[in-house]
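Biologist: I keep meeting words like "buried", "oblique" and "salt bridge". Could you take me through a structure and show me how such words are earned?

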Amino acid sequence: MRVIRDGLYLCSDCTMVACNGSAGADIEPAQLQRTQAGLVALGPHLVPDFDSETGDGLREFSSSPCAACGSELAGYRARFAILGE
């Protein structure tokens with residue numbers, strides 16, 4: 001597998017669901033639906049591309065839209081990539 005797309009930034013809700021699944025997520029139902037639909041659209045080979053220890057790939061405050069749910073609310077963003085053949 002190789003990186004076929006990188007530089008995707010997800011909001012905090014989408015990051016949480018992408019990394020941990022929706023179980024236990026404290027997200028409004030409508031937002032959870034947008035998050036899940038956006039993650040499905042990105043495909044099954046979405047992988048984290050950030051380092052929480054060094055902060056590489058993390059933006060504590062960004063106004064860029066989330067690559068999954070499309071939220072334009074300013075806030076946390078984490079970098080992801082998509083792997084493929």
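Below, we talk through a few labels and the values behind them.

Modeller: Happy to! One thing up front: this is a predicted model.

Biologist: Let's begin with the helices. Why are helix 1 and helix 2 called oblique to each other?

Modeller: Their axes cross at roughly 60 degrees. Angles under 35 degrees count as roughly parallel, over 145 as roughly antiparallel, and 65 to 115 as roughly perpendicular, with the rest called oblique. Helix 1 and helix 2 are therefore oblique. Their axes also come within 10 Å, and the crossing is right-handed.

Biologist: Which residues make the contact between helix 1 and helix 2?

Modeller: Helix 1 brings D13, C14, V17 and A18, while helix 2 brings Q31, L32, T35 and L39. Sorted by class, that contact has 5 nonpolar, 2 polar and 1 charged residues.

Biologist: Which residues of helix 1 are buried, and what covers them?

Modeller: C14, T15 and V17 are buried. The cover for the buried residues of helix 1 includes strand 1, helix 2 and strand 4. Just after helix 1 comes G21, with a positive phi near 80 degrees.

Biologist: Now the charged pairs. How many salt bridges does a search of the whole structure find?

Modeller: It finds 2 salt bridges.

Biologist: What makes D49 and R79 a salt bridge?

Modeller: The cut-off is a side-chain nitrogen of Lys or Arg within 4 Å of a carboxyl oxygen of Asp or Glu. For D49 and R79 the N to O distance is 3.0 Å, so the pair passes the test. D49 sits in the loop between strand 2 and strand 3, and R79 in strand 4, 30 residues apart.

Biologist: And how do you know that R79 forms a salt bridge with D56?

Modeller: By the same kind of check: the closest N and O atoms of R79 and D56 are 3.1 Å apart, and the limit is 4 Å. R79 lies in strand 4 and D56 in the loop between strand 2 and strand 3, so this pair ties together parts that are 23 residues apart in sequence. Through shared partners, salt bridges join D49, D56 and R79 into one network.

Biologist: Within that network, why is R79 called buried, and why are D49 and D56 called partly exposed?

Modeller: Buried means under 20% relative accessible area, exposed means over 50%, and partly exposed is in between. R79 has 17%, so R79 is buried. D49 has 31% and D56 has 45%, so both are in the middle class.

Biologist: What about R77: buried or exposed?

Modeller: R77, which lies in strand 4, has 2% relative accessibility and so counts as buried. Beyond its neighbours within four places in sequence, R77 is in contact with residues including Y9, L10, C11, G57, L58 and R59. By C-alpha atoms, R77 and N20 are 16 Å apart in space, and they are 57 residues apart in sequence.

Biologist: And why is M1 called exposed?

Modeller: M1 has 62% relative accessibility, and the cut-off for exposed is over 50%, so M1 counts as exposed. M1 is placed in the segment before strand 1.

Biologist: Which residues is M1 in contact with, leaving aside its neighbours within four places in sequence?

Modeller: Those are H45, L83, G84 and E85. H45 is 44 residues away along the chain, yet the C-alpha atoms of M1 and H45 are separated by 9.6 Å.

Key:
Residues are numbered from 1 along each chain as its sequence is written. This is a predicted model: local features need pLDDT of at least 70, side-chain atom pairs count only at pLDDT 80 or more; totals for chains, interfaces and linings use all residues. Side-chain values use heavy atoms; hydrogens and water are left out. Axes are lines fitted to C-alpha atoms, for helices over the stretch in contact, and angles run from 0 to 180 degrees between N-to-C directions. Helices (H or I, at least four residues) and strands (E, at least two) are DSSP runs, numbered from the N terminus. A crossing is left-handed if the near helix is turned anticlockwise from the far one by less than a right angle, and right-handed if clockwise. Contact means heavy atoms within 4.5 Å. Ala, Val, Leu, Ile, Met, Phe, Trp, Tyr, Cys and Pro count as nonpolar, Asp, Glu, Lys and Arg as charged, and the others, Gly among them, as polar. Buried means under 20% relative accessible area, exposed over 50%, partly exposed in between (1.4 Å probe, protein chains only).
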